[in-house]
Amino acid sequence: MATTSSAKKKAIRRSKSQPNAPMASPFNYNKLYFIVLLIFVTGAISIFGVSSARWRRFPSANTSFPQIYTIKVLNEFYHDPKAFTQGLLYAGNDRLYESTGLYGESSVRKVDLQTGQVEILQRMGSSFFGEGLTLLGNRLFQVTWLTKTGFIYDGKNLTKIGKFTHQMDDGWGLATDGKILYGSDGTSTLYRLDPKTFKVIGKKIVKYNDREVRNLNELEFINGEVWANVWQTDCIARISYKDGRVHGWILLEKLRKELIAAGYIHIDVLNGIAWDSKDNRVFVTGKLWPRLYEIELLPLKNHYRRNEIERLCII
């Protein structure tokens, strides 16, 4: 399993010339200049070498123009092929929380990452279709499809401890930055919700090149960004929660194609993003997928594919 290391910058101290000091010859001055320059360049290369693995694995999309990424699979894990994944998040200690959908089969579960085995299972009533899930403090919040009803669970044992009513038009995705909730309802709207009252305290229309990005589904808050599965596509949008602008796309179509080629013809769409903030790991899966993947982002260099983004990712 890959690990990341933080870079330590080395400061280069430049001594001040003393007054009344004899003037150095042009040759010595030039020599000193090149020595300092050489030290600076060597230090920069060293810093880049230490940190490059981290940036290759999780490069920032905070630039003035959208960045496009493909992926490299770092690890594959077993995933329950009967789980209609609607919400996914990392619980720490190689455990995942997962919300599944379908009437009569919806659940909230705690899963061992390494084996894919379900350790705790909380089934939902047959009249509810489970959707997005997130953890704030020690409480799990879950929304449901076609209703404005959500449920609250104890993060330790998944006991249901309450329910709530939200103000979104529907319940699709949930995420948190540790302070507030972010929600989606299948439209192009990214909501900000008060975790105590569940009232909408802000919202942004998500856009890419002035086109609304609809079908926002499962959400995850990752390193200051909201990542969203776009339903019925193999794309993840990296969204600025401040203005709703999409400043990055991740293309994952090869995962579904490989599963179908391996004979898994009954799988549904890509859905499910989990982030391990401690070890900087990103996991993805899909509805009824037999695999869960740890991925690394690779910046796309193919300009032809960059021009295909609107066709691939915007319904």
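**Cys235 and its partner**

I started at cysteine 235, and in this predicted model that residue is buried, with a relative accessible area of 2%. Which residue does a disulfide join to cysteine 235? I found cysteine 313 there, S to S 2.1 Å. Cysteine 313 is buried as well, and its relative accessible area is 0%. I looked for further disulfides, but the count comes to 1. A reminder to myself: a disulfide is a covalent bond between the sulfur atoms of two cysteines.

I then checked the handedness. The angle about the S-S bond is -75°, and the link of cysteine 235 and cysteine 313 is left-handed. The pair links distant parts of the chain: cysteine 235 sits in strand β18 (residues 235-239), cysteine 313 in helix α4 (residues 309-313), and the two positions lie 78 residues apart in the numbering sense of being 78 residues apart.

**Trp249 and the cores**

Next I asked what tryptophan 249 is in contact with, leaving aside its neighbours within four places in sequence. Both cysteines came up: the list includes Cys235 and Cys313. Also among the contacts are Gln67, Ile68, Tyr69, Tyr208 and Val213. Ile236, Ala237, Ile309 and Ile314 are on the list too.

Trp249 turned up again when I looked at the largest nonpolar core, which has 24 residues. Val213, Ile239, Val246 and Trp249 are the ones with the most contacts inside that core. Which elements each supply at least two residues of this core? I noted β16 (216-222), β17 (225-230), β18, β19 (246-251) and α4. A second, separate core has 19 residues, including Ile222, Leu255, Val282 and Val284.

**Helix α2**

Leu255 took me to helix α2 (residues 253-261), where Glu253, Leu255 and Leu259 are buried. They cover an arc of only 165° around the axis, so they are on the same side of α2. What does the face turned away from the buried side carry? I see the exposed residues Lys257 and Ala261 there. After α2 comes glycine 263, with a positive phi near 105°.

**Ile71**

I followed Leu255 across to isoleucine 71, which is found in strand β1 (residues 67-78). The C-alpha atoms of isoleucine 71 and leucine 255 are separated by 9.4 Å, though the two are 184 residues apart along the chain. Is isoleucine 71 buried or exposed? I have it down as buried, with a relative accessible area of 4%. Its contacts, neighbours within four places in sequence left aside, include Ile250, Leu251, Leu252, Lys254 and Leu255. Ile295, Glu296, Leu297 and Leu298 are in contact with isoleucine 71 too.

**Strands β2, β3 and β4**

I moved on to strand β3 (residues 95-100). 5 of its 6 residues are buried, so β3 is largely enclosed by the rest of the structure.

I looked up its pairings. Strand β2 (residues 85-92) pairs with β3 in the antiparallel sense over 6 bridges, and the bridge partner of leucine 89 is tyrosine 97 in β3. The β2-β3 hairpin has 2 residues between its strands, and asparagine 93 in the turn has a positive phi of about 55°.

β3 and strand β4 (residues 107-112) also pair in the antiparallel sense, over 6 bridges. Here I noted glutamate 98, whose bridge partner in β4 is arginine 109. This hairpin has 6 residues between β3 and β4, and leucine 102 in the turn has a positive phi of about 85°.

**The sheet β6 to β9**

I also traced an open sheet of 4 strands, in the order β6-β7-β8-β9, with antiparallel pairing. Which strands stand at the edges? I got β6 (130-136) and β9 (160-165); each has a single partner strand, so one side of each is left without a neighbour in the sheet. The twist averages 25° from one strand to the next.

For β6 I looked at its pairing with strand β7 (residues 139-144), which is antiparallel over 5 bridges. Glycine 130 has threonine 144 as its bridge partner in β7.

**Whole protein**

Last, I pulled the totals. The secondary structure comes to 4 helices and 22 strands. Buried residues make up 47% of the 315 residues. Of the contacts between residues at least 6 apart in sequence, 54% join residues at least 24 apart.

How values were computed: Residues numbered from 1 in each chain as written. Predicted model: local features only at pLDDT ≥ 70, side-chain atom pairs only at ≥ 80, totals over all residues. Heavy atoms only, no water. Pairing = 2+ DSSP bridges. Axes fitted to C-alpha atoms, helices over the stretch in contact; angles between N-to-C directions. Buried < 20%, exposed > 50% of the residue type's maximum accessible area, 1.4 Å probe, protein only. Contact = heavy atoms within 4.5 Å. Disulfide = S-S within 2.5 Å. Arc of directions from axis to C-beta. Core = buried A, V, L, I, M, F, W, Y, C linked by side-chain atoms within 4.5 Å.
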